[in-house]
Amino acid sequence: MAKKLELTPRLQLLADWVPQGAKLADIGTDHGFLPVWLDLQGRVVSAVASDLRKGPLERAKETGRIYGAEHIDYRLGNGLEGVFPEEADVIVIAGMNKVEDTLEAAINRARTVAAPMNKQRFPNQTPCEVTGKCGDCKAEGCICNQILVTRNCNPAGRIKIILVGEELGL
Ligand SMILES: C[S@@+](CC[C@H](N)C(=O)[O-])C[C@H]1O[C@@H](n2cnc3c(N)ncnc32)[C@H](O)[C@@H]1O
């Protein structure tokens, strides 16, 4: 018999927001606990569990295998890349360590912290890839040529951002 999966309070909070019959995309799935639990509960009709890195994606697959989840598609990818719009009506991007106080600080983080790290995976000699620091470039292979800002949620309530100001564990 498959093991029973119990979520931590933080992940349970997220799971409770997912409506019955959702098509889920869990971006940055890591351990994969959320999509696996939702699948086992029959809460989702399908789930894409996606991660940027192979290690975490393998962890998610292992979670799915151990607990017997059957409706999850595991994908390696950056953010929503590789998830077709019709595949997901609920998108979870969970993890608090990337929240900034202002839009300016968020854009600055995307360009000077996230982009140089991300660029290591797509070698084509941009300044940040070579030096590890933002070169404020306009190079062909620049990874921060576009930065998406969601100014307004339409229809209202479609996007939910839950900020939990306490340590709730994994
Ligand atoms: C802190 S873990 C969060 C895991 C899970 N979502 C949770 O809330 O427990 C962050 C995960 O996001 C992945 N990640 C980071 N940047 C990503 C990106 N641009 N696209 C997809 N996954 C990403 C990391 O590899 C890591 O596995």
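Colleague: How many bridges join strand 1 to strand 4?

Modeller: In this predicted model, strand 1 and strand 4 run parallel. One pair in this arrangement is Asp26 with its bridge partner Val92, which belongs to strand 4. The number of bridges that join strand 1 to strand 4 is 4.

Colleague: In what order do the strands of the open sheet lie?

Modeller: The open sheet is formed by 4 strands, and their pairing is parallel. Strand 3 and strand 4 are the edge strands, each pairing on one side only. Neighbouring strands are turned against each other by 20 degrees on average, direction ignored. The order of the strands is 3-2-1-4.

Colleague: At about what angle to strand 3 does helix 3 run?

Modeller: Helix 3 lies across two strands, namely strand 2 and strand 3. Angles here run from 0 to 180 degrees between N-to-C directions. For helix 3 against strand 3, the angle is about 170 degrees.

Colleague: Why is helix 2 described as largely enclosed by the rest of the structure?

Modeller: The buried residues of helix 2 are Phe33, Leu34, Pro35, Val36, Trp37, Leu38 and Asp39. They pack against several elements, including helix 1, strand 1 and helix 3. Helix 2 is largely enclosed because, of its 8 residues, the number buried is 7.

Colleague: Is Asp30 buried or exposed?

Modeller: Asp30 is placed in the loop between strand 1 and helix 2. Its phi is positive, about 55 degrees, although Asp30 is not a glycine. Most residues other than glycine have a negative phi. Because Asp30 has 20 C-beta neighbours inside 10 Å, it counts as buried.

Colleague: Is Asp136 buried or exposed?

Modeller: Asp136, in the segment after helix 5, also has a positive phi, near 50 degrees. A residue with 12 or fewer other C-beta atoms within 10 Å is exposed. Asp136 has 11 such atoms, so its status is exposed.

Colleague: Which residue does a cis peptide bond join to Asn154?

Modeller: Most peptide bonds are trans. At this bond, however, omega is about 0 degrees. The partner of Asn154 lies in the segment after helix 5, and that partner is Pro155.

Colleague: Which residues come nearest to the ligand?

Modeller: The shell around the ligand divides into 4 nonpolar, 6 polar and 3 charged residues. Of the 13 residues around the ligand, those that come nearest are Gly28, Asp30, Leu52, Pro56 and Ala94.

Definitions and conventions: Residues numbered from 1 in each chain as written. Predicted model: local features only at pLDDT ≥ 70, side-chain atom pairs only at ≥ 80, totals over all residues. Near = placed C-beta within 6 Å. Nonpolar A, V, L, I, M, F, W, Y, C, P; charged D, E, K, R; others polar. Contact = placed C-beta atoms within 7 Å. Pairing = 2+ DSSP bridges.
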